[in-house]
Amino acid sequence: MTLSKAIRFAAMAAIPVFGQAQTSLTSLTLSGPPSLPIDASPPLNPALGSFSIETAFFVEYMGNESYPNTLSQNLFENLKERTGIAPEVRIGGITADSTFWDPSLDVPLYNFIDDTGALINTTLGPQFWKSVKLLPEGAKIVMTLDLESLNYTGALSVAEAAWKGLDGSSQISRFEIGNEPDQYYLDLDAQNYTAMWEPWSVNISKALDIDYPEFQVGATVIDPLWPYNTPQAEAQFDCVSALAAGADDGHTVKTCSEHTYQYSVCDPTRAAVATLTNLVNHTRLAEYLDLWQPRIHSVREQLGPDSFVIGEFNSVSCSGRANVSNTFGQAMWLLDTTLYAASINVSRVYVHQGGPLALQSSTQLNHGGLSLYNLWYPVDNQNGPIQVFPAYSAYLFVTEAIGYSKSLRIANIFPGRQANGSSITTAGGDPSAGQISVYGFWDELAPIGLEYPTKLALVNLQIYNQTEATPRPNVTIDISSYLPRKNQEVTLRRLQAPGADVQFANLTTWAGQTFASGVAEGKLVEEKTSSGQIEVEASSAVLVYW
């Protein structure tokens with residue numbers, strides 16, 4: 001199906017940059033109805049909040065068989081404990097397109113770096129798969145193969161080694177051929193990409209004796225043009241145009257992936273607007289992700305309800321920005337991004353972890369060390385010591401919201417959707433000016449069925465910094481219309497920090513506990529109330545359940 005046949009959405013091409021609202025909303029009443037909205041998602045994938053780790057940095061994250069990185073192991077296990085399913089991990093990124101296999105290599109991974117400091121290529125050896133197996137038991141892998149070198153034999157050798165080293169389908173979820181091929185020097189379009197990608201996927205499947213779809217197509221990164229139903233937009237190289245060109249003619253495609261980076265420091269022009277105030281706002285976040293809705297609709301119609309993923313994303317491309325990507329504000333952004341993406345039928349999102357790479361951009365701000373947008377630093381590096389950043393806590397919220405349910409569905413109930421499916425914006429009547437976002441979770445297997453949600457996520461994105469001398473604003477949200485009984489007792493767990501500008505996990509709490517050491521520290525804090533009124537302070541979020 002072409003984009004012109006997809007459902008129509010409001011124009012979002014020119015997304016304005018604006019500052020913090022002058023006044024904040026102090027109260028909000030959710031009006032219902034409480035039953036499952038027609039635009040709710042299908043059942044959420046328990047691995048909704050997943051990870052993408054740059055191939056060249058994977059061993060820094062997980063360590064090796066002799067010296068496993070226990071910080072990373074603990075942080076992954078925390079998430080698995082909350083859903084029973086480990087986050088998926090994509091091994092990929094720009095370095096995947098210069099990664100090769102050497103069965104005689106006596107270390108897990110070797111990066112060749114030239115005299116200028118540029119990482120030229122990465123070589124994997126047999127011990128690499130032992131590092132991958134340090135992830136939680138049952139963790140599924142998306143393995144990215146090199147396409148840009150146009151070396152099919154090299155891609156096949158990595159695929160064969162991974163299939164053997166990771167026990168095939170028991171750990172490998174999907175193969176991905178190429179990273180961001182719409183950015184290659186080859187100047188690919190959907191047709192010549194598909195002319196390579198489709199036979200490679202078929203032949204690798206045959207070589208591995210795989211007789212079912214095991215590949216992820218796309219991995220493109222250029223934002224969709226708007227309006228979506230113009231000749232220029234339809235000519236873009238993306239998942240939909242690749243499928244239209246025959247990428248799945250060999251029935252190898254399981255999922256489609258596209259990458260999203262809302263802001264960038266790859267050049268000075270874009271760096272100028274990569275600010276915390278611009279990042280942490282629901283209107284801007286939703287308008288950006290809504291650009292993908294026609295593609296999501298088309299891919300799901302062709303491949304099924306669990307088929308569209310954001311296979312790599314983060315706040316600011318070219319490795320993040322100091323005082324933006326490494327703050328509690330990023331935690332608020334990550335939480336709202338993950339939940340909003342799920343509400344528009346994105347199956348999984350893979351937050352990217354890695355380091356600045358010289359070949360990304362000659363004008364980027366960051367050089368060396370690990371990326372400022374990483375959720376933690378597993379090793380000491382030039383950008384800081386081993387540490388956990390506040391943004392990690394957003395995934396704790398997400399995994400606890402999902403829990404062990406396999407039948408939980410989500411909808412954005414405030415500010416909600418326009419009739420055409422796109423988000424209600426500040427200009428379109430959101431009285432909070434993008435500061436408040438509320439999500440409902442319905443479980444068809446719960447005793448109350450789909451007539452009422454079983455959980456709510458209340459997110460207050462209003463920026464409040466710990467350096468401010470004024471009292472911290474809050475909003476009181478009346479959730480009474482969504483509760484199954486009058487005076488229903490509910491339990492609250494809060495995601496909090498002294499301010500959006502906080503950069504330390506030991507000042508960030510989820511349900512009263514910190515995770516700076518990789519494990520929960522402190523007493524678990526829950527609140528009970530039956531008033532139907534929930535106070536949510538600026539730069540914080542609350543999970544409400546009953």
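This section describes two helices, a set of salt bridges and several individual residues in a predicted model.

Helix α5 comprises 18 residues, from 190 to 207. The distance from its first C-alpha to its last is 25 Å, close to the 26 Å expected at 1.5 Å a residue. A side-chain oxygen of Asp 189 is placed at the start of α5, within 3.1 Å of the backbone nitrogen of Gln 191. Beyond the other end, just after α5, Asp 209 adopts a positive phi of about 60°. The buried residues of this helix are Ala 190, Tyr 193, Thr 194, Met 196, Trp 197, Glu 198, Trp 200, Ser 201, Val 202, Ile 204 and Ser 205. An α-helix has 3.6 residues a turn, so residues three or four places apart point the same way. Within the buried set of α5 are Tyr 193, Trp 197 and Trp 200, as well as Ser 201, Ile 204 and Ser 205. The cover over the buried residues of α5 includes both strands and helices: β7 (141–145), β8 (172–177), β9 (215–220) and β10 (253–264) on the one hand, and α4 (152–165) and α7 (239–244) on the other.

Helix α12 spans residues 328–343 and has 16 residues. Its first and last C-alpha atoms are 23 Å apart, close to the 22 Å expected at 1.5 Å a residue. Because 16 of the 16 residues of α12 are buried, this helix is largely enclosed by the rest of the structure. The N-terminal end of α12 is capped by Thr 327, a side-chain oxygen of which lies 3.1 Å from the backbone nitrogen of Gly 329. Just after α12, Asn 345 has a positive phi of about 80°.

The salt bridges of the model number 16. In one of them, Glu 176 pairs with Arg 90, with the closest N and O atoms 2.8 Å apart. Glu 176 belongs to strand β8 and Arg 90 to strand β3 (residues 89–92), so this pair ties together parts that are 86 residues apart in sequence. Glu 176 is buried, with a relative accessible area of 0%, and Arg 90 also counts as buried, at 1% relative accessibility. Arg 90 takes part in a further salt bridge, with Glu 312, at an N to O distance of 2.9 Å. This pair links distant parts of the chain, since Glu 312 is located in strand β11 (residues 308–317) and Arg 90 in strand β3, 222 residues apart. Both Glu 312 and Arg 90 are buried. Arg 90 of strand β3 is thus bridged to Glu 176 and to Glu 312.

A salt bridge is also formed between the side chains of Arg 493 and Glu 526, with an N to O distance of 2.6 Å. Arg 493 is situated in strand β19 (residues 490–496), and Glu 526 in the loop between β20 (509–510) and β21 (527–529), so the pair ties together parts that are 33 residues apart in sequence. Arg 493 is buried, with a relative accessible area of 14%, whereas Glu 526 counts as partly exposed at 34% relative accessibility. Arg 493 and Glu 526 belong, with Arg 82 and Glu 400, to a network of salt bridges.

Ser 72 forms part of helix α2, which covers residues 70–83. With 0% relative accessibility, Ser 72 counts as buried. Apart from residues up to four places away in sequence, the contacts of Ser 72 are with Tyr 61, Met 62, Trp 376 and Pro 378.

Thr 425 is located in the loop between β15 (408–414) and β16 (436–443). Although placed in a loop, Thr 425 counts as buried because its relative accessibility is 12%, under the 20% limit for that class. Residues up to four places away in sequence being left aside, Thr 425 is in contact with Thr 283, Glu 287, Gln 418 and Asp 430. Asp 211 and Thr 425 are separated by 214 residues in sequence and by 46 Å in space, C-alpha to C-alpha.

On the surface, Val 107, Tyr 110, Phe 112 and Ile 120 make up a nonpolar patch of about 320 Å². Val 107 is found in the loop between β4 (99–101) and β5 (109–113), and its relative accessibility of 33% makes this residue partly exposed.

Key: Residues are numbered from 1 along each chain as its sequence is written. This is a predicted model: local features need pLDDT of at least 70, side-chain atom pairs count only at pLDDT 80 or more; totals for chains, interfaces and linings use all residues. Side-chain values use heavy atoms; hydrogens and water are left out. Helices (H or I, at least four residues) and strands (E, at least two) are DSSP runs, numbered from the N terminus. Buried means under 20% relative accessible area, exposed over 50%, partly exposed in between (1.4 Å probe, protein chains only). Contact means heavy atoms within 4.5 Å. The expected span of a helix is 1.5 Å times one less than its number of residues. A polar contact is a pair of N or O atoms within 3.5 Å; within protein, one must be able to donate a hydrogen and the other to accept it, and residues adjacent in sequence count only if both atoms are side-chain atoms. Patches are made of residues with over 30% relative accessible area and no salt bridge: like charges are joined within 9 Å, nonpolar side chains (Val, Leu, Ile, Met, Phe, Trp, Tyr) within 5 Å. Accessible areas come from the Shrake-Rupley method with a 1.4 Å probe; for residues, only the protein chains shown count as cover. A salt bridge is a side-chain nitrogen of Lys or Arg within 4 Å of a carboxyl oxygen of Asp or Glu.
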